[in-house]
Amino acid sequence: MAADSDVAVYYVRRHGVKSSVVAVPPLGDFCTSYHLQAPPDATIVLVANDGGGDVTMDGRPLGGTGWRRAPIGDLWWRRVTLGTSGGGGGGGGGGGHHLCRLNGTFGVLSSSVEQDEEESGIQVKCECDIPKSCAEVLCPPGTRCRLSSCRPRCEAVPDATCHLHRRVRTFSDASMALPIPCRYVLARSCRSDPSLPTPFSVEARILPKGISSLRIRVYNLTVTTRRGQRRFIQVNNQSFRLPVSFHGNRILLSRHGSGILFQTDFSLHVSYDSKGSTTISVPGVVPQHLCGLCADGFSDDDPGSSESFCERLAKGELFGRCRRVVEPWDHLEGCTEKPCGKESVCRALANYAAACAERGVEVPEWRREEGCAPSRPENTSTSSQETYGCNHGLAFLNGSCVATTSEPPGCHHDGHHYAPGQKVWAGDNCTQRCVCDGEEHRMRCREECCRRGERCRVEKEVVGCHPESYGKCSSGRDQSYVTFDGHRGGFGGRCLQEFVGTCEAAEGLVDFQVLVRNEGKRPYGVAVARTVHVLLEGHNVTLSHEFPEKAMVDGLLVHLPHVLLEGNISISRRGWGTSLITSFHLTISFDGQSHLAVTVPSSYSGFLRGLCGDFDGDPHNDVLKVVTTSTPGCEEPPPRPCSRLDVIARKQRDTNEECGLILFPEGPFRGCHSKVDPESFFQDCVMDYCVFRGHKGVVCQALKGYAAACQEVGVDLEEWRSKNVCAPSCPPHSHYQLNGTSCPTTCAQSHRRDLCDLPRTEGCFCDDGFLLNGDRCVPPWLCGCHHGGRYHHRGEEFYPEEGCSQRCRCTAEGTVTCWTSPCPPGWECRVENGVRGCHGGHGGRCVLLGRRRLVTFDGRKVTFGAECGGYVVAKVCRGGGQRLEVTVDNQGGVTVSVEGVAVTMKSGRTSTVDVDGKTHTLPLSVGDGKVWVFQEGNNVLLQTTFGHRIVSVDTVVLLVTIPTAFSGRMCGLCGDFDGNGDNDFLETNGKRITGIQELMETWKIPDESIPCVEVCPTCVVHPSDTTGWYRKETSCGMMVVTPGPFSGCHGKVDPEEFLEYCLQEMVVTEGAMDTLCRSLQAYTAACQEVGAPVERWRTETFCPFPCGSHSSYSLCAHSCAGGCARLGHRVPCHRVPCFEGCTCSEGFYSHGHRCVLPSTCGCFQDGHYLQVMENLLVDNCTQRCTCYLHGTLICEKLSSSSSAVGCDTGGGWRTSVAPGGP
């Protein structure tokens, strides 16, 4: 209970009766007499402003004893038990009691007087011995008469409130559902009365998801806002940054929680939130003079009596106090219209909590209990109105809480407020351009007019110079592109080229440049746009397939969406791709593979250059404007071989399937044919079909390219995918949409952008109740953190500032924790691969050679002479964040436990791994895409998105690489990685380990059946006469000879330990040739893992590397890049180093240790590579997807009985292999 002055309460707790708290009423509400019904032993409390000795009950005086003074106020009180105390006697049971005072007033409080727990804790009503009527009283305007304590009183008329979302609760408290979509007059002055306020009107457009726009007319001003607008408001077609006032503060507009609040001097209040709800409040005497939706008093037509989940919550104790002032039904009834998902529950409860808060009722912390807690912005605290307010000393500006200044930022001009740097047009025909000078706090205006290609008009309710039209340039698959003027051309190889940029003569226009780098894609000669660089306004933005869910801004990777220059540049996810939008109407859309589209306004006509041409309307001069950036290896690719191209083209043109679907006049793309020429896309598709031998994954990419081009020009497509044709696959908690929004709701930007100017797009979209978090959908309470204007995922660690003096972590609770963590001596704070961190020094990698030699993270060397079964090689033991454990068993297997799954690499197997006991073909993605496992040559490589890399080279060597963020947090045989090798032999409790035997015992995996045994008594010491022969250049000495095949690696990987291992193994195996080859292979892998150069050392007679049909040995095979899984799918092979192995011949693709034709490749689904005729159970085992030839994946629903058979939910995925599969 809270109040602005002292309050008195009565509290009673009795066995079998609810506890009760009763506020003592004001003295003016006390009466002279009461009549009540109560059981014989009921207890009441009498309250008076003096001793109250003349109070009688049932005609008998209670007397002056028993009265006690209250601790606050001039109050006295006493407790009376009916029927037994104070001479009250009699009157128990059903006769009732009469209490009276002759010379004053008093109050009576009861607890369960009526034997109804719902009525426990009430003030007993007065008994009017001499009733009076309000007819005898004339109240002033704005008030009304009400009987109180048997006396008429004039009281102020309470404000009338109307609430709207998809239903309306009118001023008269009637409720009705609204036909939508439709425009409505919500409230409008319609009856003339000089005593009433200034005439006004409130209008709205209501869509299925709520109110999409609101218009208020008052004082000759028209105020317009749209859902999702929170920083700006439109007044008489001019845009103003909030807060702003007009007409000498008669009108105030400000931010209000997640929405906007409009206030006038005559007490009209209109609030409009980001959820599409509006509340209108007017003085209580006004509604009778209004007309419109809120004033018509519709009858209540609430549906039925079915109880929804939201209703049950609203009837509980959580919102108990709310229900006394706000009826919950009109806020919660939406849950009965369809199954109530988590998002709708949270939205409804938030609306209800906000309505209660506006009525002055404190709302309890309900979000966390109901799982609706959102991510709280930085430097804010939660207010009672379910919004976030800035902490003390801070003010809200441009979406953030910043330090306040003595003078508010911005400019006041003609009664309006403008933010620093805000530009507006002035004059009837846009003849002046004004900008707010933030330093001098005044507007600076100059004569200016619209540029060529622009026209002064109102667009989106803002007056200004707007483009007359737009031009679009796009790149298709392979090397093709279409200029702004319609010329069709081709890229010139794997070069960094200027796609489009401004000319030096483009005065008055914002300069920008878009560069594109092509990368090769097998088979050779097929180049696709992979990386896009955008240079504008002093920023460099990179979009790439290497980080599809992020962008690189000025060298640093950022999560999307991300804004620059106070929202003038916005980068966000768009379906399966990424978009960049600017305030000057430049739009760039990139799907991360091949399709790139750039849209520019007509004001740039004639001022552009690059592959896209000059945009002057003449396609013939576009080829003269190309600028190529010099790049090593920028050569023209050879033509793609395909002898059957003409035959395939004729067959595809005659069919309504595969590539023929693009041309089919009655097909799903028919509505696009008149806007985007389908012929060029058909030709590209046929070429891919021919080269890739009809692989469905590649054909689907071609169809997807045409679909994207159609949607770019605003075409709403018809369904072209099905379970048998390019069936889409979406991550958990998401679903496929063909024409979805290009502005999805994300964790980084949780308010929905209803004013999305981008065309619709296909892709995977989050289910109700989930938000996009990177490339996955999570519930709101699992979103990450905002810090320093950037969004970070939970568990992510980062250095927020240059110098790396402080390190921060987004915790599991959604808050940011920072601590002092400077770089260790010898390390440097710099940005590598888009991430700021401490780099350099030694360490970060632990090397386990066989099971006998080890080099810790900090460089300490250990030789083992005993075998103790399995060991913990490396483990994250300290600090929060991501967990990791690497163990080896006594059979040479390596198990990596990370992200809740255990991946086991077994000896002798390089194309498969076991995940939680089940075998899977590589490549493989687990842990919601945070962990990938690849085959590279004879090596198995596991890599995580947070920087861990484990490379297993059969049983020869194990390489464990840990990012610098885990410095000092590791334990196990590899040490703690703190830069000091002297303390690597420590237990987790800090106790020093004195010997090798104790070290092995400490980190042994508990297994009593495997004791420690001596396995190599001669391993530790080798006399020089036994190793001299093996130190020659033709043996182990090849590693250290200079110059030699490994000399370029010596500076990055010390060869001495590998040499000692080689000598040791050669002695033990008496110079076996395969021992030498494995030792040299181990050092080769260690060098290649860090990117060090290695020259060819194998020959046909010295350690030959066996390769199968259609393949040949290569010192840099890059098996992942040439794998079947990459046909039509994103596999992050760019993260994988180049290792020696077998390279498939042109036209063939790696499939384990074999090279196969595209037609016999398998399928890739949900991060799993499936062989032909292999099954995968998905969607909680409700569907079985089967892989067929040509990469055809067909999914079918399972019955409830069959889906339960063999369904294994371990690791978050389910698999089932069909008998007889290859």
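So, salt bridges: the count here comes to 31, taking a salt bridge as a side-chain nitrogen of Lys or Arg within 4 Å of a carboxyl oxygen of Asp or Glu. Side chains of opposite charge can pair when their charged atoms come close.

Before I go on, keep in mind that this is a predicted model, where local features need pLDDT of at least 70, side-chain atom pairs count only at pLDDT 80 or more, and totals for chains, interfaces and linings use all residues. Residues are numbered from 1 along each chain as its sequence is written, and side-chain values use heavy atoms, with hydrogens and water left out.

Okay, let's go to Arg 442. Its side chain meets that of Glu 440 in a salt bridge, 3.0 Å from N to O. How exposed are the two? Arg 442 is partly exposed, at 40% relative accessible area, and Glu 440 is partly exposed too, at 45%. The cut-offs, for the record: buried is under 20% relative accessible area, exposed is over 50%, and partly exposed lies in between, with a 1.4 Å probe and protein chains only. And this pair has company, as Asp 437, Glu 440, Arg 442 and Arg 444 are linked in a network of salt bridges.

Next up, Glu 885 and Lys 875. Their closest N and O atoms are 3.6 Å apart, and they form a salt bridge. This one links distant parts of the chain: Glu 885 sits in strand β72, residues 884–888, and Lys 875 in strand β71, residues 871–876, with the two positions 10 residues apart. Both partners are partly exposed, Glu 885 at 23% and Lys 875 at 32%.

Now the third pair, Asp 914 with Arg 909, a salt bridge at 2.8 Å, N to O. Which side of the cut-off does Asp 914 fall on, buried or exposed? Asp 914 counts as buried, at 8% relative accessibility, while Arg 909 counts as partly exposed, at 26%.

Let me zoom out to the whole chain. You've got 12 helices and 92 strands; these are DSSP runs, helices being H or I with at least four residues, strands being E with at least two, numbered from the N terminus. Of the 1222 residues, 51% count as buried. If you take contacts, meaning heavy atoms within 4.5 Å, with a separation of 6 or more, residues 24 or more positions apart account for 54% of them. And the accessible surface comes to about 54,800 Å², with 50% belonging to carbon and sulfur atoms; that's Shrake-Rupley with a 1.4 Å probe, and for residues only the protein chains shown count as cover.
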